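Me: I would like a close look at a single part of this model, the seventh helix in order along the chain, and at the packing around it. Please set that part in the context of the whole chain.

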Amino acid sequence: METKAVLDSGGKARVADAATFLGGLADELAGVLGGSPETADRAHDTDGYDPLRELADSYLDGLGIVARIEAATAAVKVRLLTEYAEATSAMEGPAESAYESSAREMSLVAEVACVLTIGERAASGLLGEAHALTTTLPAALDALAAGKISWQHARIMVDETTGLNDAAAAALEAHFLDPEAPNAARGAAVGELAPARFRRKVRAWRERHHPESLEARHAKSVEDRRMEYSPDRNGMAWVSLYMAADKACAIWNKTSAAARGLQGPNEPRTLTQIKADVAAERLLGDSGHSSGSGPSIKADVLVTVPVFSVLGTTDEPAELDGYGPIPASMARKLVAEGAGSFYRVLVDPRDGAPLEIGRTSYRLPESLKRWLKMRDGKCTFPGCSNHSQDNEADHLTAWEHGGPTGISNLGQLCPKHHRLKHRTGWSPGPAARNEPAGWVSPTGRKYNAEQADREPTVWPPGCLPEESSPLEAMLVDYLIAS
């Protein structure tokens with residue numbers, strides 16, 4: 001009876017609080033769509049009042065509130081699932097055998113699947129995610145309940161902390177959700193990032209801070225390399241390779257470069273189609289279309305390597321453009337072999353950022369283009385995933401309007417968002433030496449840019465004492481400048 005009382009008081013109170021918050025959001029939505037007294041007052045004052053703009057803004061505000069309602073509803077669902085599972089377990093008592101425990105689990109999953117009208121596999125996954133959020137990721141659940149992150153963001157947190165111990169999971173959660181955490185995530189907040197972009201960011205941080213070194217995990221994963229084949233509809237099929245990241249990136253970039261070289265006014269195929277044809281022709285040994293005339297093929301890939309990793313004194317991961325963290329041994333191999341398609345970027349061991357390379361003319365030197373690619377990583381428009389090869393360097397403040405050709409006045413835009421900037425009211429905000437530009441919409445809403453979670457380089461044990469000597473300072477400056 002005592003257990004039942006605790007479950008009733010705690011579980012019902014949590015769900016009731018969540019439901020009350022949901023009701024408040026619903027009232028807020030009704031107020032936005034129904035109009036406010038301030039809106040009515042402005043309507044009487046016709047000077048400067050634009051009813052269509054007011055209506056459009058109310059719809060956008062309503063969409064924002066609906067997104068928060070969806071997140072809060074997902075949090076309520078998580079609470080209900082967890083409380084139902086705990087109540088069921090308390091009613092049935094301890095299982096007498098593994099068989100009985102499995103049968104109870106099957107029954108629980110089946111009940112949830114029927115109530116939500118979903119498959120049992122989806123119901124099982126939902127119960128697992130609910131358990132992780134309520135036990136391991138309380139801050140993520142609170143952010144979900146408050147409408148600060150979406151259900152997709154919460155699921156990514158669960159997915160990327162799977163396999164981590166409690167301390168590592170808590171550190172990851174704090175990095176992205178606690179602004180007071182040491183070296184907290186910078187740039188756009190979690191809820192402002194498109195889920196796919198957030199996954200990339202959280203995965204990169206997880207790779208660098210995993211309790212087991214990336215070197216050890218990579219060595220194990222290399223043993224799992226394989227090729228997979230999956231038939232599809234309409235006489236089509238998928239072929240995929242699971243392999244080391246440097247080789248995969250090189251294959252992708254070389255294929256993309258070859259495909260671009262085949263584009264022209266008389267080429268009817270799209271770039272995507274050409275890539276598939278080039279890959280098939282090379283795997284099957286038929287050079288066919290690939291031997292046509294065109295510009296020379298060069299697949300540029302940036303490899304950002306902490307200087308001590310190059311020297312072999314630490315195993316801090318490097319960063320492979322278009323992929324993320326890679327083992328230090330892989331980066332050292334790329335640097336040592338002098339692969340022509342890879343560009344080494346040594347970072348400042350004091351703060352993890354590269355040096356600015358500048359020039360006062362309009363035309364960008366290759367060194368500045370590479371630095372821009374490394375700083376932005378992709379198109380800077382919110383949610384865009386277009387990577388370096390497809391993008392164009394753009395002056396944020398136009399050259400003819402006095403904008404300089406420096407890293408703080410440059411942004412990397414894909415062709416689509418480059419056109420958006422010049423043809424619509426969308427405009428990029430200011431950039432900084434180590435921070436890409438955010439964007440401002442025609443309605444005046446500001447959207448923060450993503451930002452890489454750069455960290456100070458890991459110094460080898462005993463490399464520097466508490467207070468640096470002039471000799472050590474000269475050594476650091478030399479390493480940065482070389």
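Reply: The term pLDDT denotes the predictor's confidence in each residue, on a range from 0 to 100. The model is predicted, and the mean pLDDT of the chain is 79, with 77% of the residues reaching 70 or more. Over residues 1-7 the pLDDT is below 50, and this stretch has seven contacts in the model beyond near neighbours in sequence. Residues 288-299 also stay under 50 in pLDDT, and the model gives them 23 contacts beyond four places in sequence.

As to the whole chain, there are 17 helices and eleven strands. Of the 482 residues, 37% are buried. Among contacts with a separation of 6 or more, 61% are between residues 24 or more positions apart.

Helix 7 spans residues 151-161, and its buried residues are His-153, Ala-154, Ile-156, Met-157, Val-158, Glu-160 and Thr-161. The cover over these buried residues includes helix 5 (120-135), helix 6 (138-145), helix 8 (166-177) and helix 9 (195-209). After helix 7 comes Gly-163, which has a positive phi, near 90°.

The contact with helix 5 can be described in detail. Two packed helices are described by the angle between their axes and the distance between the axes. For helix 5 and helix 7, the axes come within 10 Å and cross at roughly 80°. Because angles of 65 to 115 degrees count as roughly perpendicular, helix 5 is roughly perpendicular to helix 7. On the helix 5 side the contact is made by Leu-126, Glu-129, Ala-132 and Leu-133, which meet Trp-151, Ala-154, Arg-155 and Val-158 of helix 7. The residues of this contact comprise six nonpolar, no polar and two charged.

Helix 7 also takes part in a wider arrangement. The largest nonpolar core has 35 residues, of which Leu-133, Leu-144, Leu-172, Phe-176 and Phe-198 touch the most other members. At least two residues of this core are supplied by each of helix 3 (51-92), helix 4 (98-116), helix 5, helix 6, helix 7, helix 8 and helix 9. Helix 5 gives the largest share, six residues. A second, separate core has eleven residues, including Cys-249, Val-305, Ile-326 and Leu-334.

Leu-172 links several of these elements. Apart from residues up to four places away in sequence, Leu-172 touches Met-157, Glu-160, Thr-161, Leu-164, Val-202, Trp-205 and Arg-206. Among these partners, Met-157, Glu-160 and Thr-161 are buried residues of helix 7.

Helix 6, part of the cover over helix 7, has a further packing partner. Helix 3 and helix 6 pack with their axes 7 Å apart, at an angle of about 130°. That angle makes helix 3 oblique to helix 6. Here Ala-71, Ala-72, Ala-74, Ala-75, Val-78 and Arg-79 of helix 3 meet Leu-141, Asp-142, Leu-144 and Ala-145 of helix 6. The residues of this contact divide into eight nonpolar, no polar and two charged. Leu-144 is also one of the core members that touch the most others.

How values were computed:
Residues numbered from 1 in each chain as written. Predicted model: local features only at pLDDT ≥ 70, side-chain atom pairs only at ≥ 80, totals over all residues. Heavy atoms only, no water. Buried < 20%, exposed > 50% of the residue type's maximum accessible area, 1.4 Å probe, protein only. Helix = DSSP H or I, 4+ residues; strand = E, 2+ residues; numbered from the N terminus. Contact = heavy atoms within 4.5 Å. Core = buried A, V, L, I, M, F, W, Y, C linked by side-chain atoms within 4.5 Å. Axes fitted to C-alpha atoms, helices over the stretch in contact; angles between N-to-C directions. Parallel < 35°, antiparallel > 145°, perpendicular 65-115°, else oblique. Nonpolar A, V, L, I, M, F, W, Y, C, P; charged D, E, K, R; others polar.
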